[in-house]
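User: I have a new model open and don't know my way around it. Can you walk me through it?
Analyst: Sure, send it over.

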Amino acid sequence: MEKILKVYVYKEGEKPLCHTPELTGIYASEGWFMKQLEENKQFVVHDPDKAHLFYLPYSSRQLRTHLYVPDSHSMQPLSIFLRDYVNLIAAKFPFWNRTKGSDHFLVACHDWVPRFLPLIRRRGITFPMIFRLLLLLQGTYTTKLHEELRRNAIKVVCNADVSEGIFLRGKDVALPETYVKTPKDLHKDVGGRPASRRNIFAFFAGQMHGRVRPVLVQQWKGKDSDMKIYEKLPAAVARRMSYVEHMKSSRFCICPMGYEVNSPRIVEAIHYECVPVIIADNFVLPFEELLDWTAFSVVVPEKDIPNLKKILKGISERRYKRMQSNVKKLQRHFLWNSKPVKYDLFHMILHSVWFNRLNQMNTKA
């Protein structure tokens, strides 16, 4: 990839909707990728005739901020913007029409359900209905008015859910959700205790979003001293040990899905050298073409939440130490750097796009 791949970044698109990365918060992955690709001189070319891939440099977070009408519960303005944006590119350049968008990619990380909560509450919508609504929003709000964009372009998204046929494994790319608090210190708090000093068996604390977390809390909160499962971390507990210190001191960090299948806790766990326990059916894990997730994480089906402790206790001490060591070894693949470093998160995402594009070309050949 480093010797061959060339990417063209379209200059079209006015700020702030395009070319304006958001670099903080739990959806910062799309912003950091945009920033680092637009500044890149190794992969980016100014002559589109030399490009293998074409990047659509819009920001889903900026679209939400500037185009979404509060309380409208409508994605129509965003859909219209992207339809018109792709049509502009297709009319101005031959590259979209050459492949019908198959060598073009977008990068987006967001969560739309909170914008619809007032409507959801008024109408008494259930968790399964919320989840289906979310899948439709994630997959179609950007693309529903442009068939080729929806069907052909490579979607690099946090909500890598295969259950509704919107995210297509082998074509689309799972984007790790990273929580960036301090852009000037991207590695703040990275690291954790060695395996021998992790005295908490399993830990989770968080808001009750989605269908999985309430089940997890109902099953385990306050019922087993090995399972430190909370809703919001109680103030009395937080005064003794912060949320971050809990993760740094835990053998297993529970990462249940929220409204979407993805969770920033997966990357947080890796940063804090804690073995992630992922509970999210139908979730395509990032970089699965390169990484063996069974070597450093535990994936638990949602139906097995009642058996969670039994599953984790079934992991031998020898295997656990190997898994925790592997977390530390692959940590660099989930880190942003102020400037891209070989094998870091920027390179991993770009490799996944390149890999899936080649995979699609080979499939069609």
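User: Which elements do the buried residues of α1 pack against?
Analyst: The buried residues of α1 pack against β1 (7-9), β2 (53-55), α2 (60-66), β3 (104-108) and α14 (345-364). Contact here means heavy atoms within 4.5 Å. Helices (H or I, at least four residues) and strands (E, at least two) are DSSP runs, numbered from the N terminus. One caution: this is a predicted model, where local features need pLDDT of at least 70, side-chain atom pairs count only at pLDDT 80 or more, and totals for chains, interfaces and linings use all residues. Residues are numbered from 1 along each chain as its sequence is written, and side-chain values use heavy atoms, with hydrogens and water left out.

User: How many residues of α1 are buried?
Analyst: Helix α1 covers residues 29-38, and 8 of its 10 residues are buried. Among them are W32, F33 and M34. Buried means under 20% relative accessible area, exposed means over 50%, and partly exposed is in between (1.4 Å probe, protein chains only).

User: Switching to the sheet. What is the strand order in the open sheet of 5 strands?
Analyst: The order is β7-β6-β8-β9-β10, with parallel pairing. Two strands pair if DSSP finds at least two bridges between them.

User: Which are the edge strands?
Analyst: Those are β7 (227-229) and β10 (298-299). Each pairs on one side only.

User: And what does β6 pair with?
Analyst: β6 pairs with β8 over 3 bridges, in the parallel sense. β6 also pairs with β7 over 3 bridges, again parallel. F203 has a bridge partner in each neighbour: C253 in β8 and K228 in β7. As for cover, 5 of the 5 residues of β6 are buried.

User: How many bridges link β9 and β10?
Analyst: Strand β9 (residues 275-279) and β10 pair over 2 bridges, in the parallel sense. V277 has V298 of β10 as its bridge partner.

User: Which strands do α11 and α13 lie across?
Analyst: α11 lies across β6 (200-204), β8 (250-256) and β9, at about 165° to β8. Helix α13 (residues 317-330) lies across β8, β9 and β10, at about 95° to β9. For these angles, axes are lines fitted to C-alpha atoms, for helices over the stretch in contact, and angles run from 0 to 180 degrees between N-to-C directions.

User: Now pockets. What is the volume of the largest pocket?
Analyst: About 540 Å³. The lining has 25 residues, and the closest to the pocket centre are I26, H209, R213, P264 and R265. α10 (243-248) and α11 (264-271) are the elements that give two or more residues to this lining. α11 gives the most, with 3 residues.

User: How do you define a pocket?
Analyst: The search uses a 1 Å grid over the protein atoms alone. A pocket is an open set of points with protein on both sides within 12 Å along at least five of seven lines, where a 1.4 Å probe fits; lining residues have an atom within 4 Å of a point. Grid points are joined across faces, edges and corners, and the volume is the space filled by probe spheres set on the points.

User: How does the lining of the largest pocket divide by class?
Analyst: There are 10 nonpolar, 6 polar and 9 charged residues.

User: What about the second largest pocket: what volume and how many lining residues?
Analyst: The volume is about 320 Å³. It is lined by 17 residues, with Y179, K181, L186, K188 and H271 nearest the centre.

User: Where is C158, and is it buried or exposed?
Analyst: C158 is in the loop between β4 (154-157) and β5 (173-174). C158 counts as buried because its relative accessibility is 1%. Its contacts, leaving out residues up to four places away in sequence, include C109, N262 and F283.

User: Last topic: which residues does the cis peptide bond join?
Analyst: K15 and P16, with omega about 5°. P16 is in the loop between β1 and α1. P16 is also one of the contacts of Q62, a residue of helix α2. Q62 counts as buried because its relative accessible area is 5%.

Definitions and conventions: Nonpolar A, V, L, I, M, F, W, Y, C, P; charged D, E, K, R; others polar.
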